[in-house]
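The following exercises are to be worked through with the structure in view. Each task is followed by a solution in steps.

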Amino acid sequence: MGINFRKVSYTHAKRSPLAHKVVNDITFSIPDGQFVAVMGPSGSGKSTLGQLAAGLLHPDTGTVSVDNIPRNNRKSRSDFLNKVTYVSQYPEHQLIEETVFRDIRYGLRRMKYNDQEITVKVKEAMENVGLGFEQYKDRSPFQLSGGEKKRVVLAGAMILEPKILILDEPTVGLDPLTRMKFLALLTLLQRTRLMTIVFITHNLQDALEHADRLVILNHGQLIYDLKITEIRCVLEDPDIPLSSTPLLRLQKELESFFRGKIDPELVQEYKLLTFISDRLMRT
Ligand SMILES: Nc1ncnc2c1ncn2[C@@H]1O[C@H](COP(=O)(O)OP(=O)(O)OP(=O)(O)O)[C@@H](O)[C@H]1O
């Protein structure tokens, strides 16, 4: 199940002199519950790939399906769209209501929640992205800063608890603490609710610390598809001038204490943290 791309191509501005193929013959799958980081140079087609995965764009050739439901089937399109939530890198494209509260609850309107339940959910979603409920609920989302707008949109996406969450550069504009908390929340959602996360980013450290897999695009083609554990070996090669992330440095430190006991899989943050807490409990 999960997301499936089969020989997918997409051209923006078709039938115009500016037409160019932005996604070129991509085939790949994302299983349920995987956290995939998508990286690549500016203009390489990451957002377009994200919008194709979310069903917002229709491929020129090839098929995109979610849980075996194809995007191009009229009858099943709403089933496809209900499974996926996309958060644009431009939050103003997704703000619609007059207050923060109403904007965040917008997606819940067709679900069967009473007012009290909605308030609890909105409050929790706002707190998860560092927006104080009382401070922000009645403000206009259009009069917030860029980072605050982004947090409103993220809260509105996460409140829906979609099966698949596609985030286009979600941490840009967030302060470091909110960014860390937000990424930890994503990891928690992935683990506890088996949410599939597609995380488009320019931040290698975020990808290394939170994703299971890194997909790299260039000129609309998928040029690398790597497990994060494989990348770690490269980062540790002294001949390659890449500095290790804090997580990798911490792991190295631990290896000196627990020689031979650190599994390479522990590079995934939650596993490393579980390992550390287990050890602390026993000492
Ligand atoms: N609506 C559009 N009409 C025409 N061209 C577009 C449109 N949207 C994107 N493009 C072009 O398609 C190419 C890929 O854009 P896309 O936004 O997918 O790249 P990206 O990898 O996400 O870039 P960035 O990292 O800068 O956000 C770019 O050359 C862009 O100019």
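Contact means heavy atoms within 4.5 Å. The model is a predicted one, in which local features need pLDDT of at least 70, side-chain atom pairs count only at pLDDT 80 or more, and totals for chains, interfaces and linings use all residues. Residues are numbered from 1 along each chain as its sequence is written, and side-chain values use heavy atoms, with hydrogens and water left out.

**Exercise 1. The two sides of a helix**

Determine which residues of α4 are buried, and state which elements these residues pack against.

Step 1. Helices (H or I, at least four residues) and strands (E, at least two) are DSSP runs, numbered from the N terminus. Helix α4 covers residues 115-128, 14 residues in total, and spans 20 Å from its first C-alpha to its last. This is close to the expected 20 Å, where the expected span is 1.5 Å times one less than the number of residues.

Step 2. Buried means under 20% relative accessible area, exposed over 50%, and partly exposed in between (1.4 Å probe, protein chains only). The buried residues of α4 are I118, K121, V122, A125 and M126. They lie on the same side of α4 because they cover an arc of only 130° around the axis, the arc being that of the directions from the helix axis to the C-beta atoms. An α-helix has 3.6 residues a turn, so residues three or four places apart point the same way.

Step 3. The other side of α4 carries the exposed residues Q116 and V120.

Step 4. The partners of the buried residues of α4 are α3 (100-105), α5 (133-136) and α6 (146-158).

Step 5. Consider the ends. At the start of α4, a side-chain oxygen of N114 comes to within 3.1 Å of the backbone nitrogen of Q116. After α4 comes G130, with a positive phi near 75°.

**Exercise 2. The surroundings of the ligand**

Find how many residues surround the ligand, and identify the element that gives the largest share of the shell.

Step 1. The ligand is surrounded by 14 residues (a residue is near a molecule or strand if one of its heavy atoms lies within 4 Å of it). The closest are S42, G43, K46, S47 and T48.

Step 2. List polar contacts (pairs of N or O atoms within 3.5 Å; within protein, one must be able to donate a hydrogen and the other to accept it, and residues adjacent in sequence count only if both atoms are side-chain atoms). An N or O atom in the side chain of K46 is 2.7 Å from an oxygen atom of the ligand. For Q89, a polar side-chain atom is 3.2 Å from an oxygen atom of the ligand. For H12, a polar side-chain atom lies 3.4 Å from a nitrogen atom of the ligand.

Step 3. Two or more residues of the shell come from each of β2 (20-30) and α1 (46-53). The largest share, three residues, is that of α1.

**Exercise 3. One residue of a strand**

Decide whether F28 is buried or exposed, and name its contacts beyond its neighbours within four places in sequence.

Step 1. Locate F28 in strand β2.

Step 2. The relative accessible area of F28 is 8%, so F28 is buried.

Step 3. Beyond those neighbours, F28 is in contact with I3, N4, F5, L49, R213, V215 and L222.

**Exercise 4. Positive phi outside glycine**

Compare E169 with L194.

Step 1. E169 has a positive phi near 45° and is found in the loop between β7 (164-168) and α7 (176-193). The phi of L194 is positive, about 55°, and L194 lies in the loop between α7 and β8 (196-200).

Step 2. E169, at 15% relative accessibility, counts as buried, whereas L194, at 56%, counts as exposed.
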